[in-house]
Amino acid sequence: MKTKTITQASILLAIGTILHLIPGFVGTVKPDFMLVCVFTIIILNKDFKMSLAVGLAGGILAGITTSAPGGFVPNITDKIISSLFVYFAVKFLEKIKIKIENIFSIGSLYFLGTAVSGLVFLFLMNITGALPEGFGIKLMFVSLVLPTAGINILVGLFFDKVMSMYNKNFARSLAQI
């Protein structure tokens with residue numbers, strides 16, 4: 001991995017950690033904006049090792065900063081699974097010659113990756129009995145995961161635009177050297 005790639009990933013994971021500290025909407029339940037940062041890194045780099053590494057690192061950082069009781073292991077697990085899902089989705093889109101440059105393809109990756117992550121997280125929290133009382137997987141998925149997936153489209157497209165502008169400017173400044 002290049003120094004630039006590692007630096008970008010570190011900065012995005014730091015931003016994701018800060019965003020993960022946003023207070024919850026329903027008690028301690030909150031959207032997971034760490035996913036946007038993890039998926040942005042994967043979409044930019046399209047590298048399997050990087051996808052696995054940022055999934056693990058993002059999961060650990062999200063687990064450390066979670067307010068969900070018993071949420072440490074589910075955070076790690078859902079980030080790894082959703083990171084690999086997004087990586088393989090990116091590779092699939094490339095294989096069928098769909099460029100990951102338009103808002104539909106990029107937005108779809110953020111939405112589906114967040115939905116997969118949320119489903120895995122809820123499933124694991126349900127197994128451990130850690131879901132908030134009176135909330136089942138279906139209700140939590142519809143009331144929290146789907147809205148978060150929708151929000152993550154917008155936040156993800158913003159991050160993608162910022163990172164694209166940064167990379168263009170970085171390449172331009174290297175060409176001047």
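Buried means under 20% relative accessible area. Keep that cut-off in mind, because Y110 comes out at 0% and so counts as buried. One caution before I go on: this is a predicted model.

Let me start with helix α4. It runs over residues 72-95. That is 24 residues, reaching 35 Å from the first C-alpha to the last. The expected figure, at 1.5 Å a residue, is 34 Å, so the two are close. Just after α4, K97 takes a positive phi of about 65°.

What does α4 pack against? Its buried residues pack against α1, α2, α3 and α5. The buried residues of α4 include P74, N75, I76, S82, S83 and V86. Further along, A89, V90 and L93 are among them. Two charged residues are also on that list: D78 and K79.

Take D78. It sits in α4. Its relative accessible area is 1%, so it is buried. Which residues does D78 touch, leaving aside neighbours within four places in sequence? They are L35, S117, V120 and F121. With S117 there is also a polar contact between side chains, at 2.3 Å.

Now K79. This one has a relative accessible area of 0%, which means it is buried. Where are its charged partners? One is D78: the two side chains meet in a salt bridge, 3.2 Å from N to O. Both residues of that pair are buried.

The other partner I want to show is D32. The D32 and K79 side chains meet in a salt bridge at 2.4 Å, N to O. D32 lies in the loop between α1 and α2, while K79 is in helix α4, so this pair ties together parts 47 residues apart in sequence. D32 is buried as well, with a relative accessible area of 13%.

How many salt bridges are there in the structure? The count is 3. You have heard about two that involve K79. There is also E94 with K91, where the closest N and O atoms are 3.4 Å apart. These two residues are 3 apart in helix α4, so about one helical turn separates them. Buried or exposed? E94 is partly exposed, at 32% relative accessibility. K91 is partly exposed too, at 31%. Back in the interior set, salt bridges that share partners join D32, D78 and K79 into one network.

On to the rings. The structure holds 5 aromatic pairs. One of them is F39 with Y110. It is tilted: 6.4 Å centre to centre, with 50° between the planes. F39 lies in helix α2 and Y110 in helix α5, so the pair ties together parts 71 residues apart in sequence. F39 is buried, with a relative accessible area of 1%. Y110, our opening example, is buried at 0%.

Next pair: F158 and F159. This one is edge-to-face, 6.2 Å centre to centre, with 75° between the planes. Which of the two is exposed, and which is buried? F158 is exposed, at 54% relative accessible area. F159 is buried, at 12%.

Last item on rings. F48, Y87 and F88 form one aromatic cluster. Y87 is another of the buried residues of α4.

To recap. The buried face of α4 packs against four helices: α1, α2, α3 and α5. D32, D78 and K79 form one salt-bridge network. F39 and Y110 link helix α2 with helix α5. That is what I have.

Notes:
Residues numbered from 1 in each chain as written. Predicted model: local features only at pLDDT ≥ 70, side-chain atom pairs only at ≥ 80, totals over all residues. Heavy atoms only, no water. Buried < 20%, exposed > 50% of the residue type's maximum accessible area, 1.4 Å probe, protein only. Polar contact = N/O pair within 3.5 Å; in protein donor to acceptor, adjacent residues only side chain to side chain. Contact = heavy atoms within 4.5 Å. Salt bridge = Lys/Arg side-chain N within 4 Å of Asp/Glu carboxyl O. Phe/Tyr/Trp six-rings, centres within 6.5 Å; stacked < 30°, edge-to-face > 60°.
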